[in-house]
2 protein chains.
Amino acid sequence: MDKSTLINIIRRYEQAHFTIERRLNALFRDMMPEELTVDQFLTIRYIRHNARTTSSELADAFCVGKSSITAIITRLVDKGLIARVPAPEDRRVICLTLTSEGERLSETLEEKMQELIGDCIRHFDAEEGRQFIETYEKLAQVLLQSPAGEENGSS
Amino acid sequence: MDKSTLINIIRRYEQAHFTIERRLNALFRDMMPEELTVDQFLTIRYIRHNARTTSSELADAFCVGKSSITAIITRLVDKGLIARVPAPEDRRVICLTLTSEGERLSETLEEKMQELIGDCIRHFDAEEGRQFIETYEKLAQVLLQSPAGEENGSS
DNA sequence: CCTTATAGTTCAACTATAGAACTATTCTAG
DNA sequence: CTAGAATAGTTCTATAGTTGAACTATAAGG
C-alpha cells in the first residue's frame, strides 16, 4: 500500500471508528436494563463464555488494572449476578462464575445485542460481509499481538 | 445474506469489535501525555476540525448529555487548551475554540495517533484496505441514521 | 406579552479507572 | 528447608466521565 493510500485510509478509519464506537455504545447503553451498565454486561458475557475465569484474566482481556476489575466484580456480586469461588488448587486464585440469574440475564441481553448488531450489518450482501469481517478480524489479531496494556514494556 | 451467514458474522463482529475497542483504547491511553485523557483529546480534535462548535453539537457527536460536555470543557478550559467565546448573534450560545496551545497539542497527538493506526493497517494491501474502509464507512452511515442517543424517540 | 423551546450550567449520585499500599499465597534459588 | 521474589486479589484515595433533574438566560412564536 503506497503512502497516500495509507494516509487516506487512516483518516477515514479514524472518522468511521469514532462514529461507530460512540453510536454503538449509545445504543448498547439504551438497551441495558435499569440495573446494569454496559461494562457490567460485557463482564458477565465474558464470564459466561469463559467459565471459571479470574480477575487477572479479565484485566488482561479488558485492558485495565486489576483494581478496576475488583470494583466491577464487587458490584456484580452485590447484584447477585456472579459468585466468587476460591480455587482449591491455588488459594490465591478466585474463580468467577455466573449465578443462574446472571446466566439468564446475560443470555437475554446477548440476544438483544445480536439483534441490534444484526440490524446494522444485514444491509451488506454476503460477500461484502465476508470480506469485511475477515479484514476486521485481522485487525483484531494485529492488536492482540501488539503490546497493548502489557505491564512489561520492551524497554 | 442468509440467516446462518448473518449469525456467523454477528458473532465474529462482536468478538473482533470488543478486542479492537479495548486494545486500541489502551494504546491511545498509553500514548496520551500526563495531563490529558483520551476523551479530552477527542474533544480538542473535534473542535480543531469543526471550528466554533458548541456544547450541544459535541453532545450530539459524542452521544452523551450536555452536562458531560460541560464537565469536559471546563477541564480543558482550566488546562488552557480551549476558550469559551460567546456567540454575538445568539447570546445563549457559547462557541468553543482552541487556544494556540490546544491547537499545537492536538496536532501533535493527531500525528501520533495516525502513526499508531497506520502501524495497524499497513499490513493490508491496498485493495483489501479499500474494500474494508468502504464497508466500515457504510456501517458508520447506518449508525448515523439510526436513532442513537436521540432524545426524541419515535414512540 | 406569555408561553414554550433552546443553550448552557450546576449539583448530587454513581461507575470506571489508575496507582500505590497491602495481605495472602506460591514459587524459586541458595 | 527457608528467605526472598513473584503472583492473585483487595483496599483506598483521587480523578474522569456519565446521568438526570433543577436551574438561568435567552430566543421564538402564538
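Reader: Is Cys63(B) buried or exposed?

Author: Burial is read from relative accessible area, and under 20% counts as buried. In this predicted model, Cys63(B) has a relative accessible area of 7%, so Cys63(B) is buried.

Reader: And Cys120(A), what is its relative accessibility?

Author: Cys120(A) also stands at 7%, so it counts as buried.

Reader: How many disulfides does a search of the whole structure find?

Author: A disulfide needs two cysteine sulfur atoms within 2.5 Å. The search finds zero over all chains. Take Cys120(A): the nearest cysteine sulfur is that of Cys63(B), 12 Å away. From the side of Cys63(B), the nearest cysteine sulfur is that of Cys120(A). Neither Cys120(A) nor Cys63(B) is in a disulfide.

Reader: Now pockets. What is the volume of the largest pocket?

Author: Start with the volume, then look at the lining. The largest pocket has about 1,200 Å³. Its lining counts 48 residues. Nearest the centre lie Glu21(A), Asn25(A), Glu21(B), Arg22(B) and Asn25(B).

Reader: Which helices supply at least two residues each to that lining?

Author: In chain A, they are H1 (3–31), H2 (38–49), H4 (66–78) and H5 (100–121). In chain B, they are H1 (3–31), H2 (38–49), H4 (66–78) and H5 (100–121).

Reader: How does the lining of the largest pocket divide by class?

Author: It has 28 nonpolar, eight polar and 12 charged residues.

Reader: What about the second largest pocket; how much space lies in it?

Author: About 430 Å³. It is lined by 20 residues, and closest to its centre are Gln15(A), Phe18(A), Arg45(B), Tyr46(B) and His49(B).

Reader: Which element gives the most to this lining?

Author: H1(A), with seven residues. H2, H3 (55–62) and H5 of chain B each supply at least two residues. By class, the lining of the second largest pocket has seven nonpolar, five polar and eight charged residues.

Reader: On to the DNA. How many residues surround DNA strand D, and which are closest?

Author: Look at the neighbours, then at the part of the strand they meet. Strand D is surrounded by 25 residues. The closest are Ser56(A), Arg84(A), Thr37(B), Ser67(B) and Arg75(B). Of the strand D atoms within 4 Å of the protein, 67% belong to sugar or phosphate, the rest to bases.

Reader: Which polar atoms lie by phosphate oxygens of DNA strand D?

Author: Here are three cases. A polar side-chain atom of Arg75(B) is 2.6 Å from a phosphate oxygen. For a polar side-chain atom of Gln40(B), the distance is 3.3 Å. Gly65(B) uses a polar backbone atom, 2.7 Å from a phosphate oxygen.

Reader: Which element gives the most to the surface near DNA strand D?

Author: H4(B), with five residues. The whole surface near strand D divides into five nonpolar, 10 polar and 10 charged residues.

Reader: Which residues are closest to DNA strand C?

Author: Thr37(A), Gly65(A), Arg75(A), Ser56(B) and Arg84(B), among 25 residues that surround the strand. Of the strand C atoms within 4 Å of the protein, 68% belong to sugar or phosphate. H4(A) gives the most to this surface, with five residues.

Reader: Which side chain has an N or O atom 3.0 Å from a base nitrogen of DNA strand C?

Author: That of Lys66(B). Phosphate oxygens of strand C are also met: a polar side-chain atom of Thr37(A) lies 2.5 Å from one. A polar backbone atom of Arg91(A) is 2.9 Å from a phosphate oxygen.

Methods. Residues numbered from 1 in each chain as written. Chains lettered and ligands numbered in written order. Predicted model: local features only at pLDDT ≥ 70, side-chain atom pairs only at ≥ 80, totals over all residues. Heavy atoms only, no water. Buried < 20%, exposed > 50% of the residue type's maximum accessible area, 1.4 Å probe, protein only. 1 Å grid on protein atoms, 1.4 Å probe; cavity = no way out; pocket = protein on both sides within 12 Å on 5 of 7 lines; lining within 4 Å. Points joined across faces, edges and corners; volume = space filled by probe spheres on them. Helix = DSSP H or I, 4+ residues; strand = E, 2+ residues; numbered from the N terminus. Nonpolar A, V, L, I, M, F, W, Y, C, P; charged D, E, K, R; others polar. Near = heavy atom within 4 Å. Polar contact = N/O pair within 3.5 Å; in protein donor to acceptor, adjacent residues only side chain to side chain.
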